[in-house]
Amino acid sequence: MPDSKYRSLWAVALLAATTGCGAIGQSGEPAAATQSNAVGQPLKIVATTAMVADLAQHVGGEHVTVSALMGEGVDPHLYKATSGDVARLSRADLILYSGLHLEGKMGEVFERLARRKPVVAVTDDLSRDRLLRVGGEQYDPHVWFDVSLWGSTLPAVERALAELDPAHATDYRSNAERYQAELAKLDEECRAQIASIPESRRVLVTAHDAFHYFGRAYDIEVQAIQGISTQSEAAISKINELVELLSDRGIKAVFVETSVSERNIRALVEGCAARGHRVEIGGQLYSDAMGPSGTPEGTYAGMVRHNVETIRRALQ
Ligand SMILES: [Zn+2]
């Protein structure tokens, strides 16, 4: 189902509530029941990934409380909502998710909740021309690794908040603008760092295909063992192909990801060793999950900086 459908479900529920049709949600709660800001409380936002929560916190500032369902090291492609998650989502005023089928197993939960409250994919408004197509109408969901593209999701977050809480719309606008400017600087920083790696060594090999937007934005070739989702098994032929590429081109390092098993990357290292080419694990990248909260890598900007630094140091 296209992501935008959740929004229209919400619109129908809202209309039913305002016209007194008494739409009742699945849990028996009245539709559009409790909006925190109605009593001067911060809006309760629940995000799926920490990257989305980071956007919401920057735009919402003091007017919101934000939590993320998926913590450190959690793989969003495989994530299924627990009953505790459903309870948290039911209490939220607004649900934000990444979209483009990143949260591949949560569609049904979103659909159910969208009858009672806004459920918004932050990537919904991104122009499809800027996205990488992976066949048919499917797009690569890993948009947060092009910092400028990720910054383009800010208007959707701002609008979702302003619709729910129009009294603070000007704050949401200025917060979004401020964060957009910060991300523009971060984008420049990434470009400069990656450009400092000699061009022949600018090849990023990872466990799963999360870095194509990164590669396109910052001019580095990207190769991965698994496809854009972690759901399928890695093919032996792909591992052999990458062993050959690493050996032939003398690439020094490959990278593991915090949310994906290291097994396949270790197979690459061993395969190269068998051919007499020494390749090391250049470090751990945050691909689909951020670091622990309270550490620099527990913020979006910190996560991006950690990755770019790790890649530059290992490949230079
Ligand atoms: Zn992924």
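Of the 316 residues in the protein, 42% are buried. The model is predicted, and its mean pLDDT is 88, with 87% of the residues at 70 or more. One stretch falls well outside that description: over residues 16-33 the pLDDT stays under 50. The model has 23 contacts beyond four places in sequence for this stretch. Where pLDDT is low, the predicted coordinates should not be read in detail.

The chain forms 11 helices and 8 strands. Many contacts link distant parts of the sequence: among those between residues at least 6 apart, 66% join residues at least 24 apart.

A pair of strands is a useful place to begin. Strand E5, residues 203-208, runs parallel to strand E6, residues 221-226, and the two are joined by 5 bridges. Within this pairing, Leu-204 has Val-222 of E6 as its bridge partner. Between the two strands the chain passes through helix H8, residues 212-218, in a β-α-β crossover that is right-handed.

Helix H10 lies further along the chain, at residues 263-274. Its 12 residues reach 17 Å from the first C-alpha to the last, close to the 16 Å expected at 1.5 Å a residue. Which residues of H10 are buried? They are Asn-264, Ile-265, Leu-268 and Cys-272. Seen down the helix axis, the buried residues of H10 fall within an arc of 105°, so they line one face of the helix. An α-helix has 3.6 residues a turn, so residues three or four places apart point the same way. On the other side of H10, Arg-263, Glu-270 and Ala-274 are exposed.

The cover over the buried residues of H10 includes both strands of the parallel pair, E5 and E6. It also includes helix H9 (236-249), strand E7 (253-257) and strand E8 (280-285). Ala-267 is another residue of H10. Why is Ala-267 partly exposed? It has 17 other C-beta atoms within 10 Å, and a residue needs 20 or more to be buried. The C-alpha of Ala-267 is separated by 7.5 Å from that of Ile-239, although these residues are 28 apart along the chain. After H10 comes Gly-276, which has a positive phi near 80°.

Helix H11, residues 300-315, contains Ala-314. Ala-314 counts as partly exposed because it has 19 C-beta neighbours inside 10 Å, where 20 or more would make a residue buried. Beyond its neighbours within four places in sequence, Ala-314 is in contact with Lys-252, Ala-253, Gly-282 and Gly-283. Ala-314 also lies 8.4 Å from Val-254, C-alpha to C-alpha, with their positions 60 residues apart in sequence.

Helix H7 spans residues 169-195. Its 27 residues reach 39 Å from the first C-alpha to the last, close to the 39 Å expected at 1.5 Å a residue. The buried residues in H7 are Tyr-172, Asn-175, Ala-176, Tyr-179, Leu-183, Cys-190 and Ile-194. What do the buried residues of H7 pack against? Their partners are helix H2 (50-60), helix H5 (147-151), helix H6 (154-164), H8 and H11. Two of these have appeared above: H8 is the helix of the crossover from E5 to E6, and H11 is the helix that holds Ala-314.

Definitions and conventions. Residues numbered from 1 in each chain as written. Predicted model: local features only at pLDDT ≥ 70, side-chain atom pairs only at ≥ 80, totals over all residues. pLDDT = per-residue confidence, 0-100. Contact = placed C-beta atoms within 7 Å. Helix = DSSP H or I, 4+ residues; strand = E, 2+ residues; numbered from the N terminus. Buried ≥ 20, exposed ≤ 12 C-beta atoms within 10 Å, placed from the backbone. Pairing = 2+ DSSP bridges. Right-handed = clockwise from strand over helix to strand, strands pointing away. Expected span 1.5 Å × (residues − 1). Arc of directions from axis to C-beta.
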